[in-house]
Amino acid sequence: MIELYKPDMYKKSIYDIDYKKLKNYGIKCILFDLDNTLVPYTKNKPSRKLKDFIERIKDEGFKVIIFSNSNKKRLTPFKNALEVDCAASCRKPSKFKFKKVLDEYKFLQSEVAIIGDQITTDIFGGNRMGIFTILIKPISNEEFFYTKISRLIEKKIIKKLEKKNLFKRGNYYD
Ligand SMILES: [Mg+2]
């Protein structure tokens, strides 16, 4: 089902999302992908801008969890600097870790959103799980080897989505 690859919202970056709108939708918990969503994968600590941003989101009452396919070692400096919870080695698009987090934190699917830069992992995984999905443009062109491969698959999926007028790269929407 190609519809499972369509994000519910599409924005240029995490800074362009209307978080009040998410609040109004009933979202209480935000799962953030790390690499190329919050930071380029070459960075191992957050910028001042990102720190301030996460602080603001937490102040607005959102539970923030970094939800990444990267391992614990990669996530720990961000967990400490941003003072957020983390789920490592999530193997998105698998539903397993999504379920675990929802269970552990006692959130309903309707109360959780995922924000990420990859259709094949973040968006497909989130949609399969029935949570709110938000795609953003990757921060950088530099990517892991495996990400480069999944981008090839993503390209084909985007073509199919475009054919059905479901999605077009660069056409942002709420
Ligand atoms: Mg990513």
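In which loop is the place of Ser 68? In this predicted model, Ser 68 sits in the loop between S3 and H3.

**Figure 1. Surroundings of Ser 68 in the loop between S3 and H3.** Ser 68 has 27 other C-beta atoms within 10 Å, so it is buried, the cut-off being 20 or more. Leaving out residues up to four places away in sequence, Ser 68 touches Asp 33, Leu 34, Asp 35, Leu 75, Ala 88 and Cys 90. Lys 97 is 29 residues from Ser 68 in sequence, and the C-alpha atoms of the two are 9.9 Å apart in space.

**Figure 2. The open sheet of six strands.** The strand order is S1-S6-S5-S2-S3-S4, and the pairing is parallel. Strand S1 (9-11) and strand S4 (85-87) stand at the edges; each has a single partner strand, so one side of each lacks a neighbour in the sheet. From one strand to the next, the twist averages 25°. At the S1 edge, S1 and S6 pair in the parallel sense over three bridges. Lys 11 has Ile 136 of S6 as its bridge partner.

**Figure 3. The largest nonpolar core, with 36 residues.** The members that touch the most other members are Leu 31, Phe 32, Phe 67, Val 112, Ala 113, Ile 115 and Ile 134. Two or more residues come from each of strand S2 (29-32), strand S3 (63-67), helix H3 (72-82), helix H4 (96-105), strand S5 (112-116), helix H5 (119-129) and strand S6 (132-136). In soluble globular proteins, nonpolar side chains tend to be buried together.

**Figure 4. Contacts of the core residue Ile 115.** Neighbours within four places in sequence are left aside here. The contacts of Ile 115 are then Ile 14, Ile 30, Phe 32, Asp 33, Thr 37, Ile 134 and Ile 136. Among them, Phe 32 and Ile 134 are also listed with Ile 115 as core members that touch the most others. Asp 33, another contact of Ile 115, is touched by Ser 68 as well.

**Figure 5. Packing of H5 against helix H6 (residues 145-163).** The two helices pack at an angle of about 60°, and their axes are 10 Å apart. H5 is therefore oblique to H6. On the H5 side the contact is made by Ile 119, Thr 120 and Thr 121, and on the H6 side by Ser 150, Ile 153, Glu 154 and Ile 157. Sorted by class, the contact has three nonpolar, three polar and one charged residues.

**Figure 6. Backbone geometry in the loop between S4 and H4, at Ser 89 and Pro 93.** Most residues other than glycine have a negative phi, and most peptide bonds are trans. Ser 89 is not a glycine, yet its phi is positive, at about 45°. With 12 C-beta neighbours inside 10 Å, Ser 89 counts as exposed, because the class covers residues with 12 or fewer. Pro 93 lies in the loop between S4 and H4, and the peptide bond joining Lys 92 and Pro 93 is cis, with omega of about 15°.

**Figure 7. Asn 36 in the loop between S2 and helix H2 (48-59).** Phi of Asn 36 is positive, near 70°, in a residue other than glycine. Is Asn 36 buried or exposed? Asn 36 has 21 C-beta neighbours inside 10 Å and so counts as buried.

Conventions:
Residues numbered from 1 in each chain as written. Predicted model: local features only at pLDDT ≥ 70, side-chain atom pairs only at ≥ 80, totals over all residues. Core = buried A, V, L, I, M, F, W, Y, C linked by C-beta atoms within 7 Å. Helix = DSSP H or I, 4+ residues; strand = E, 2+ residues; numbered from the N terminus. Contact = placed C-beta atoms within 7 Å. Pairing = 2+ DSSP bridges. Axes fitted to C-alpha atoms, helices over the stretch in contact; angles between N-to-C directions. Parallel < 35°, antiparallel > 145°, perpendicular 65-115°, else oblique. Nonpolar A, V, L, I, M, F, W, Y, C, P; charged D, E, K, R; others polar.
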